[in-house]
Amino acid sequence: MFNFIKEKLKKIYSHVTQKLHSIFSLKTIDEATIQEVEKLLITSDTGVSVTKSIIQDLQTAFRNGALKEGNDIKQLLEQKLIDILPQNKACESAQIYLLVGINGSGKTTFAGKLAQSFRQNNKSCLIAAADTFRAAAPEQLSVWAKQAQAELLIGKNNQDPASVTFDACEQFKEKKFDRLIIDTAGRLQTKVNLMKELEKIKKIVARQLPNHQICTLLTIDAMLGQNSLEQATIFHQATQLDGIILTKVDGTAKGGIVFAITTKLNIPVAYISYGEHIDDMTTFDATTYVANLLGDQKYQSHKQAS
Ligand SMILES: Nc1nc2c(ncn2[C@@H]2O[C@H](COP(=O)(O)OP(=O)(O)OP(=O)(O)O)[C@@H](O)[C@H]2O)c(=O)[nH]1
Ligand SMILES: [Mg+2]
């Protein structure tokens, strides 16, 4: 079933990019062309208010004679999309990374990828398995930790996640690690007690490691589109997010959600996660992201490439 949805999304993706490309190659354009762009932006989940503002700018430029052909639309659209995105300065000097998000949004996978990127930068890393809820979670994390050559701290079955975090902070200090990644259990934003648990984890870190910057990152599954806006809003209220990790960017047309989230909540996208290989991640760069969205470039999974 899931594969069916995935395939369907891939089809929408290629439909959007194909349509955009045919618009960009037009030698003459009219108001209807701009309406077509509007439809495609909405399809890719860019959101109504962002789309409206972009379309107004395109219409004004068209009426002033500044847009003559498809390529002019492309240039302006590209620039507008890049300008909307806030600069990615999230977590530049953080040592502690707290990963939060709904079930299955890609936290554990990203924990492995992040640890790998630290290793590549010669930073020693401890990963805390603060998901003590799902029995298979530590095992899954240990596979990633092994690959990234990171140390892993596993809590006891049903140990309070805040208590695992406490132990991790102690070990982090004692063994003088450079980075600490805390992987938490997936939770629905509507579960108040589970959201409070995140607050508790943050308090422990702030108390145990007061001189270290903590970066709270929310994993957003790019395939979920507009639903993610509500998730981000509530997680932000509960935990004061520093950045978004957009996951599963491989093969979806729903990447437009980034514009809706960043404009509404003013939280930067910090990372892009785009596959199941440990190297399938990158820090967010607006120009590359927009090129990817418009189909000029594709985040290439290392798995497919090898
Ligand atoms: N294609 C693709 N799949 C991904 C990506 N990130 C994660 N996945 C897959 O999505 C599924 C869920 O990923 P997890 O990392 O376990 O997600 P989680 O947020 O830790 O899940 P819970 O701990 O259950 O809340 C797994 O099958 C992953 O292989 C990605 O960037 N691209
Ligand atoms: Mg997990």
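Is Glu-151 buried, partly exposed or exposed? This is a predicted model, and in it Glu-151 has 34% relative accessibility, so Glu-151 counts as partly exposed. That gives us a way into the structure, since Glu-151 also has a partner.

The partner is Lys-175: the two side chains form a salt bridge, with N and O 3.3 Å apart. Now look at where the two residues sit. Glu-151 belongs to strand S3, which covers residues 151–154, while Lys-175 is in the loop that runs between helix H7 (161–174) and strand S4 (179–184), so the salt bridge ties together parts that are 24 residues apart in sequence. Lys-175 is partly exposed as well, at 46% relative accessibility. By the rule used here, the model has a count of 10 salt bridges, so let's visit some others.

Stay with helix H7 for a moment. Glu-170 and Lys-173 make a salt bridge there, and their closest N and O atoms are 3.4 Å apart. Why do these two line up as they do? Both are in helix H7, 3 residues apart, so about one helical turn separates Glu-170 from Lys-173. Glu-170 is partly exposed at 30% relative accessibility, and Lys-173 is partly exposed at 37%.

Next comes a pair with a buried member. The side chains of Arg-187 and Glu-197 meet in a salt bridge, with 2.9 Å from N to O. This pair links distant parts of the chain: Arg-187 is in the loop between S4 and helix H8 (192–208), Glu-197 is in helix H8 itself, and 10 residues separate them. Arg-187 has just 2% relative accessibility, so Arg-187 counts as buried, the cut-off being under 20%. Salt bridges can also join up into a network, as they do for Lys-19, Glu-36 and Lys-39.

Back in the loop between S4 and H8, you'll also find Gln-189. Is Gln-189 buried or exposed? With 9% relative accessibility, Gln-189 counts as buried. And what does Gln-189 touch, if you skip residues up to four places away in sequence? The list is Ile-102, Met-195, Glu-230, Gln-231, Ile-234 and Phe-235.

Now for ligand 1. How many residues surround ligand 1? There are 19, and the closest are Lys-107, Thr-108, Thr-109, Asp-250 and Glu-276. Helix H5 (residues 107–120) supplies the largest share of this shell, with 4 residues. Sorted by class, the shell has 10 polar, 7 charged and 2 nonpolar residues.

Zoom in on the oxygen atoms of ligand 1 and you can pick out some individual contacts. A polar side-chain atom of Thr-109 is 2.5 Å from an oxygen atom of the ligand. The backbone takes part too: a polar backbone atom of Gly-104 is 3.0 Å from an oxygen atom of ligand 1, and a backbone N or O atom of Ser-105 is 3.1 Å from an oxygen atom of ligand 1. On its own, ligand 1 has 650 Å² of accessible area, and the protein covers 82% of that.

From the ligand, let's move on to Asp-242, in the loop between helix H9 (227–239) and strand S6 (243–247). Asp-242 is partly exposed, at 29% relative accessibility. Leaving out neighbours within four places in sequence, Asp-242 is in contact with Ala-90, Cys-91, Ile-214, Cys-215, Thr-216, Ile-267 and Pro-268. Two of these are worth a second look. A polar atom in the side chain of Asp-242 is 2.8 Å from the backbone nitrogen of Thr-216. As for Pro-268, 26 residues along the chain separate Pro-268 from Asp-242, but their C-alpha atoms are 7.3 Å apart.

Finally, check out two asparagines in loops. Asn-122 has a phi near 55 degrees, a positive value in a residue other than glycine. Asn-122 sits in the loop between H5 and strand S2 (125–130), and a relative accessible area of 70% makes Asn-122 exposed. Asn-266 also has a positive phi, near 55 degrees. Asn-266 is in the loop between helix H10 (257–265) and strand S7 (269–273). Where does Asn-266 fall, buried or exposed? Asn-266 is exposed, with a relative accessible area of 58%.

Methods. Residues numbered from 1 in each chain as written. Chains lettered and ligands numbered in written order. Predicted model: local features only at pLDDT ≥ 70, side-chain atom pairs only at ≥ 80, totals over all residues. Heavy atoms only, no water. Salt bridge = Lys/Arg side-chain N within 4 Å of Asp/Glu carboxyl O. Buried < 20%, exposed > 50% of the residue type's maximum accessible area, 1.4 Å probe, protein only. Contact = heavy atoms within 4.5 Å. Near = heavy atom within 4 Å. Polar contact = N/O pair within 3.5 Å; in protein donor to acceptor, adjacent residues only side chain to side chain. Areas by Shrake-Rupley, 256 points an atom, 1.4 Å probe, with all protein chains shown as cover. Nonpolar A, V, L, I, M, F, W, Y, C, P; charged D, E, K, R; others polar.
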